[in-house]
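Subject: Structure for you to look at

Hi,

Here is the structure I promised to pass on. Could you open it alongside this email and follow along?

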Amino acid sequence: MRTMSTPRRKISMSSKQKPLRIAILGQNGVGKSALTVRFITRRFIGDYDPDLEKVYACSRCMDGDTVTLELLDTAAQEEKSRIDDHIKWAEAYILMYSVTDRCSFSEVSRLKFLINSYNKKQRKSVSSPDSVMTSTPVVLVANQIDRTHDRMVTQEEGHQRSLELSCLSFYEISVRENVDSVFKIFEDIYLMCRKPRKCRQQLCKQLSLPTFINEEKPEETLDASATLNRRRKAIFTVS
């Protein structure tokens, strides 16, 4: 009598993946906590303790996969050692500033410099076809565009800064008014980290158009060929 073998249980790849760790960095008051809570609960809450740091864990369906995320909502820190701990903890970063605060706009440059310094220490030669996307993803997010009359940083300045810092994407959003824009940021980061080939193909299609979530587009102030080259650099290089 022939015995029937027990079929092996299939285990989805998503269950084997470790949580995707994302650190939200920026000056106090730019909306880091509001962004995090908006993504997790879809609710907007405006007031938070500026000294509170917390790691939030949640699961979401992204690109057909169930993804576990851990989000580090940071408080602004002057101590470099503390910021270094945040950088070491994360797999990807959101650099956030408020369009109503030029100091917060300047702070993202300092934070990107610290991320670059850490990456240089950790970098190893990678020969895979996806090597351009294996560097740590960093995106730049400008918040509070709903405060039109208080704006101090223009959209073009934000876009230019994202190119200078080699951020993979730039977003201008209002956490208060648009929850879909918040979800878009985290979904893009997931693709950058876990599906780099697919993400790279999507970004290639966007070479002639920066990633703006709001409807307005910056005026073309640069030579067309120079603009294209800088966008390629922004998409394919994270130093």
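A word on naming before anything else: helices here are DSSP runs of H or I with at least four residues, strands are runs of E with at least two, and the numbering starts at the N terminus. Please also keep in mind that this is a predicted model.

**The overall picture**

By that count the protein has eight helices and six strands. Reading from the N terminus, the order is α-β-α-β-β-α-β-α-β-α-β-α-α-α. Of the 239 residues, 46% are buried. The accessible surface adds up to about 13400 Å², with carbon and sulfur atoms accounting for 49% of that. If you take the contacts between residues at least 6 apart in sequence, 74% of them link residues at least 24 apart.

**Helix α2 and Phe39**

I spent a good part of my time on α2, which covers residues 32-41. Eight of its ten residues are buried, so "mostly covered" is a fair description, with buried meaning under 20% relative accessible area. The buried ones are Lys32, Ser33, Ala34, Leu35, Thr36, Val37, Arg38 and Phe39. They pack against four strands and a helix, namely β1 (20-26), β2 (54-62), β3 (65-73), β4 and α6 (179-194).

Phe39 sits in this helix and has a relative accessible area of 0%, so it counts as buried. What does Phe39 touch, once residues up to four places away in sequence are set aside? The list is Cys58, Arg60, Met62, Leu69, Leu71, Val182, Phe183 and Phe186. Phe39 also has Val175 at 9.3 Å, C-alpha to C-alpha, although 136 residues separate the two in sequence.

Just past the end of α2, Arg42 has a positive phi of about 70 degrees.

**The second largest pocket**

Since you'll probably ask about pockets, here is the second largest one. Its volume is about 370 Å³. The lining is made up of 24 residues, and those nearest the centre are Gly29, Val30, Gly31, Ala34 and Gly46. Helix α2 turns up again here: it supplies three lining residues, the largest share. Sorted by class, the lining has eight nonpolar, nine polar and seven charged residues.

**Thr100**

Thr100 is in the loop that runs between β4 (92-98) and α4 (102-122). Is Thr100 buried or exposed? Its relative accessibility is 13%, so it counts as buried. Its side chain makes a polar contact of 2.7 Å with the side chain of Ser98, and another, of 3.4 Å, with the side chain of Gln144. Leaving out neighbours within four places in sequence, Thr100 is in contact with Gln144, Arg147, Asp150, Arg151 and Met152.

**Helix α3**

In α3 (residues 80-89), the buried residues are Ile83, Asp84, His86, Ile87 and Trp89. Their cover includes β1, β2, β3, β4 and α4.

**Leu52, between α2 and β2**

Leu52 is placed in the loop between α2 and β2. With a relative accessibility of 48%, it counts as partly exposed, because that class runs from 20% to 50%. Apart from neighbours within four places in sequence, Leu52 is in contact with Asp73 and Ala75. Ala76 is 24 residues away from Leu52 in sequence, and their C-alpha atoms are 9.5 Å apart.

**Two loop residues with positive phi**

You may want to look at the backbone in these two places. Asp63 is not a glycine, yet its phi is positive, at about 55 degrees. It lies in the loop between β2 and β3, and Asp63 counts as partly exposed at 27% relative accessibility.

The other is Ser166, also not a glycine, with a positive phi near 60 degrees. Ser166 is in the loop between α5 (155-164) and β6 (169-172). Which side of the burial cut-off does Ser166 fall on? With a relative accessible area of 3%, Ser166 is buried.

That's what I have for now. Shout if anything looks odd when you load it.

Cheers

How values were computed:
Residues numbered from 1 in each chain as written. Predicted model: local features only at pLDDT ≥ 70, side-chain atom pairs only at ≥ 80, totals over all residues. Heavy atoms only, no water. 1 Å grid on protein atoms, 1.4 Å probe; cavity = no way out; pocket = protein on both sides within 12 Å on 5 of 7 lines; lining within 4 Å. Points joined across faces, edges and corners; volume = space filled by probe spheres on them. Nonpolar A, V, L, I, M, F, W, Y, C, P; charged D, E, K, R; others polar. Buried < 20%, exposed > 50% of the residue type's maximum accessible area, 1.4 Å probe, protein only. Polar contact = N/O pair within 3.5 Å; in protein donor to acceptor, adjacent residues only side chain to side chain. Contact = heavy atoms within 4.5 Å. Areas by Shrake-Rupley, 256 points an atom, 1.4 Å probe, with all protein chains shown as cover.
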